[in-house]
Amino acid sequence: MLDHGTLETGTVDPTEALRHRLRHSAAHVMADAVLKLFPEAKMGIGPPIHDGFYYDFEVSRPFTPEDLQKIQALMEESITEEHPFQREEIGREEAFKLFGDQPYKLEIINNLPDEATLSIYRHSEFVDLCQGPHVDGTGNISAVKLLSVAGAYWRGDEKRPMLQRIYGTAFESREALENHLSRLEEAEKRDHRTLGRQLDLYTIHDEIGPGLIVWHPKGGLVRTIIEDYWRELHKRHSYDVVYSPHIGRSNLWETSGHLDFYRENMYGSLEVDEQEYFLKPMNCPFHIMIYRSDLRSYRELPLRFAELGTVYRYERSGVLHGLMRVRGFTQDDAHIFCRPDQVEDEIGGVLNLTFELLRAFGFSEYSVMLSTRPEKAVGDIEMWDHATGSLKSALTSRGLPFQVDEGGGAFYGPKIDIMITDALGRRWQCTTVQFDFNLPERFDLTFQDAEGTRSRPYMVHRAILGSVERFFGVLLEHYAGAFPLWLAPVQALIIPIADRHIEYAEKVKAQLSIKGFRVQIDARSERMNLKIRNAQQQKVPYMLVVGDKEAEADAVAVRLRDETNLGAMPVEDLLERMGVEMSR
Ligand SMILES: [Zn+2]
Ligand SMILES: [Zn+2]
């Protein structure tokens, strides 16, 4: 079912494959260095990840920046010494002996099936339980850099010990590493958690609970603009906006199957009048009930129910991350119920809406993945072929290149996932269009066809932004907080030079407000330059300085947040300029 997605990980191009081996090898070299400096350290796991690698250790105290420097220096030494990586296969007994003083390694071995082949990799005196693959030797690790330390629970489980995780990265060349580091620096400046605070958009509180967001007035305003636009767009594309409750009875979730296959993502039940209820992890069953509330005829179809539906899903506290990974979020969800002969048009319509929406927010680069039927699947093969064909032809007819993940679809239907590329070239999974051959069966959805017989409708789940919270985080980082004019919470800030200019500032404010612009006056008795600097930090698109000259000429002196100084301009001209800039 619709998931709110993650940053895309790994691809299979040759550079990425090499980097994967490099980083995995660097993780071993790092663990070797850590054990030399901290002989008592217990090793967790050390995999390559997207853009780098990490290794977890149990140590008596957290690593310091000085520790990282020492570890890095030892790593450089090992790289200069060009130790070869050697693979060996060993028996269980031997493995137990080899890792006798490494309890986490022993736990991993104990959890492997008896018949599993155990392999180890050695370099210099270091040995690690590992499947590989690795580069030939430490000398192949051309450029490596340790980045940070964070606490991480063993196996991501809060009930297990907290280990110290060192993150690092490795590249095939110095140059590639330097490029990456400057991108990281830029990404850090744009971190939505920092910007969220700086721009006073949202917060997360321990008192409320991890992964639960409260939206402040400015964040709430931007969100409202996003949602208003979303509703307007959906009305224009002939969707019906619906609402559904946050809880539903257990029998609903039994029928839908969620209590079988999605239980671990759902929160504990609550009791109302001796009935068991669950917080909703998805909106689908509610929209299905709307469909089922009446006999449906072929003439009524397609039905498109859209909802900004807030759902709650359990995520381990260790993976929660700002707005990107949360426990309560609002999906821009919709379910389409249609006849078989309408499938092609419906998918085409979803794609048109998708690209209109994403483009309005400034995203014009996409990558698309089509996932097809897995071995174990429900639904007729003809329905799968029909649905998959409609997804393919909708993409092809729009000239959209796509990759195919053969057999990668969910058991209940094929889907397409669309990733957007942000200003830093990072890809984010947002949109999913997913056929479902399961729920219409489970809820026995039917419509009366032209011959008067009961037929099964096709059902499509789709979310374009994915989750409003996460999309907001992506937007914030994409624009580094400098929202385009139509989204900016405060579009213009009027700065009177002295108190006697406040009256004129009010007049300008009224002229802008009446045109629908969001305007404030900074009437504090601070220096003008400080006010301008504050407004630039708040990423306000227009700063309008007003003094004697401006008041006399019905003008404003215009500054932009990127420090451009446009000079004096009649208010009429400013209104025209802002009007043009408002178009999406
Ligand atoms: Zn390894
Ligand atoms: Zn759904």
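In the predicted model, helix H5 has Glu 175, Glu 185 and Lys 189 exposed on one side. The opposite side of H5 carries buried residues, namely Ala 176, Leu 177, His 180, Leu 181 and Ala 187. These residues are placed on the same side of H5 because the arc they cover around the axis is only 135°. An α-helix has 3.6 residues a turn, so residues three or four places apart point the same way. The packing partners of the buried residues of H5 are helix H1 (14–37) and two strands, E7 (143–153) and E8 (162–171). Helix H5 itself comprises 16 residues, 174–189. At 1.5 Å a residue its span should be 22 Å, and the computed separation of its end C-alpha atoms, 23 Å, agrees with this.

A comparable description applies to helix H15, which is formed by residues 502–513. The distance from the first C-alpha of its 12 residues to the last is 16 Å, close to the expected 16 Å at 1.5 Å a residue. Tyr 504, Ala 505, Val 508 and Leu 512 are the buried residues of H15. Their arc around the axis is only 105°, and they therefore lie on the same side of H15. The buried residues of H15 pack against strands and helices: strands E24 (492–496), E25 (519–521), E26 (542–546) and E27 (555–560), together with helices H17 (548–553) and H18 (571–582).

Two further buried residues, Leu 353 and His 234, were examined individually. Leu 353 belongs to helix H11, which runs over residues 343–360. Its relative accessible area is 0%, so Leu 353 is classed as buried, the cut-off being under 20%. When residues up to four places away in sequence are not counted, Leu 353 touches Leu 233, His 234, His 237, Tyr 239, Arg 462 and Ile 464. One of these, His 237, is 116 residues from Leu 353 along the chain, yet the C-alpha atoms of the two are separated by 7.1 Å.

His 234 is part of helix H7 (residues 217–236). With a relative accessibility of 0%, His 234 is likewise counted as buried. Beyond its neighbours within four places in sequence, His 234 is in contact with Tyr 239, Ala 306, Leu 353 and Arg 462. Tyr 239 and Arg 462 are thus also among the residues touched by Leu 353. A polar atom of the His 234 side chain lies 2.8 Å from the backbone oxygen of Trp 230.

Conventions:
Residues numbered from 1 in each chain as written. Chains lettered and ligands numbered in written order. Predicted model: local features only at pLDDT ≥ 70, side-chain atom pairs only at ≥ 80, totals over all residues. Heavy atoms only, no water. Helix = DSSP H or I, 4+ residues; strand = E, 2+ residues; numbered from the N terminus. Expected span 1.5 Å × (residues − 1). Buried < 20%, exposed > 50% of the residue type's maximum accessible area, 1.4 Å probe, protein only. Arc of directions from axis to C-beta. Contact = heavy atoms within 4.5 Å. Polar contact = N/O pair within 3.5 Å; in protein donor to acceptor, adjacent residues only side chain to side chain.
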